[in-house]
Amino acid sequence: MREADTLHRFMLEEAGVRGEWVHLDAAWQALLQRHEYPPVVRDLLGQAYAAVALTAATLKFNGSLILQVTGPGPVHMIVAQADGQGRLRGLARFRETPPEGATLAECAGEDARLMLTLDPGDGGERYQGVVELEGETLADAMNVYFERSEQLPTRLWLASGAQSAAGMLLQALPGEGGDAVTRDSEEWSRATILAETTTADELLELDAGTLLGRLFAEERVRLFDGTGVSFHCPCSRERIGETLRSLGRDEIRGIIEEQGAVDVTCEFCNAHYHFDPVDAEALCAAEGTQPPTPDTRQ
């Protein structure tokens with residue numbers, strides 16, 4: 001029976017290759033319940049959701065990894081984020097619905113870019129890698145990114161639908177003496193050729209053990225215990241308040257005078273935060289930037 005919302009690490013021990021497998025069910029549905037997307041946009045976002053979970057799993061960090069695709073096309077932004085605890089969130093923005101069967105390049109448009117941003121947390125320095133978007137699928141684009149920015153050969157396969165999103169990642173292990181297994185090595189070539197035979201339906205429908213057994217029947221596969229993944233948005237009234245405070249007195253005052261209150265909706269989870277004039281005054285009191293409370297005298 002396939003495990004829901006689980007990430008498994010595995011190794012092809014004799015080939016010197018490690019991997020990650022992820023299946024997102026409730027974590028994917030939690031995102032879709034907050035936003036309505038056309039199928040083409042939904043599936044692109046689901047692939048990004050699985051891709052960021054897989055990529056984050058290869059890192060040791062306490063911060064967050066953000067995958068972003070931006071471009072001038074109908075789907076002008078896709079964002080997916082994962083943290084070191086397996087918590088995910090994501091969103092897509094589109095100007096119009098792409099035609100059915102549109103490729104990633106057709107959705108994002110010419111001169112689109114793929115960006116990965118690693119924020120290690122704890123005040124550490126952020127790392128950002130950017131490449132031009134290449135390939136017909138997000139997996140193609142990610143593989144180009146890995147080829148240009150990763151020292152270790154890395155490839156992934158992605159699938160998404162209305163009910164779930166899933167993916168698999170392979171990465172070569174460093175060889176003896178610290179030398180990395182190369183893309184031209186026989187072991188890496190064999191592993192990726194076998195992995196290429198997987199289908200989207202298999203990724204979405206099979207459990208990790210069954211899928212890996214089919215793909216790598218002649219390999220010695222070591223499958224580690226799974227870890228949970230979930231939808232999580234870290235927004236809160238306190239965090240929104242800090243953001244508003246950073247706008248300064250004049251900006252808050254202008255919003256209060258124009259709208260009578262400050263209303264903020266989180267783009268990721270659709271949580272709504274309402275700050276009336278008294279809330280806004282208290283929010284800025286610590287900085288000495290209280291906006292005026294409207295005159296309520298009759």
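The legends below describe an overview and several close-up views of a predicted model.

**Figure 1. Overview of the chain in the predicted model.**
The secondary structure of the chain is made up of 10 helices and 14 strands, and its C-alpha atoms occupy a box of roughly 85 × 45 × 40 Å along the principal axes. Of its 298 residues, 50% count as buried, while the accessible surface comes to about 15100 Å², with 45% of that area belonging to carbon and sulfur atoms. Among contacts with a separation of 6 or more, 61% are between residues 24 or more positions apart. The chain carries 25 positive and 49 negative charges, and the mean positions of these two sets lie 5 Å apart.

**Figure 2. Close-up of the aromatic pair formed by tryptophan 28 and tyrosine 49.**
The structure holds 3 aromatic pairs, and in this one the ring centres of tryptophan 28 and tyrosine 49 are 5.7 Å apart, with 45° between the planes, an arrangement classed as tilted. The pair links distant parts of the chain, since tryptophan 28 belongs to helix α1 (residues 26-32) and tyrosine 49 to helix α2 (residues 39-57), with the two positions 21 residues apart in numbering. Tryptophan 28 has a relative accessible area of 0% and is therefore buried; tyrosine 49, also at 0% relative accessibility, counts as buried as well.

**Figure 3. Close-up of the aromatic pair formed by tyrosine 145 and phenylalanine 146.**
The ring centres of tyrosine 145 and phenylalanine 146 lie 6.1 Å apart and their planes meet at 75°, so the pair is edge-to-face, because an angle over 60 degrees falls in that class. Tyrosine 145 has a relative accessible area of 3% and is buried, and phenylalanine 146, at 2% relative accessibility, likewise counts as buried.

**Figure 4. Close-up of arginine 89 and the ring of phenylalanine 268.**
This view is centred on a contact between a charged group and an aromatic ring, in which the charged end of arginine 89 sits over the ring of phenylalanine 268. The distance from that charged end to the centre of the phenylalanine 268 ring is 3.8 Å in the predicted model.

**Figure 5. Close-up of arginine 237 and the ring of phenylalanine 275.**
Here arginine 237 lies over the face of phenylalanine 275, and the distance to the centre of the phenylalanine 275 ring is 4.1 Å.

Note on methods
Residues are numbered from 1 along each chain as its sequence is written. This is a predicted model: local features need pLDDT of at least 70, side-chain atom pairs count only at pLDDT 80 or more; totals for chains, interfaces and linings use all residues. Side-chain values use heavy atoms; hydrogens and water are left out. Rings of Phe, Tyr and Trp (its six-membered ring) pair if their centres lie within 6.5 Å; planes under 30 degrees apart count as stacked, over 60 as edge-to-face and the rest as tilted. Helices (H or I, at least four residues) and strands (E, at least two) are DSSP runs, numbered from the N terminus. Buried means under 20% relative accessible area, exposed over 50%, partly exposed in between (1.4 Å probe, protein chains only). A charge sits over a ring if NZ of Lys or CZ of Arg is within 6 Å of the ring centre and within 35 degrees of the ring normal. Contact means heavy atoms within 4.5 Å. Accessible areas come from the Shrake-Rupley method with a 1.4 Å probe; for residues, only the protein chains shown count as cover. Lys and Arg count as positive and Asp and Glu as negative; His and the chain ends are not counted. The place of a charge is taken as NZ of Lys, CZ of Arg, CG of Asp or CD of Glu.
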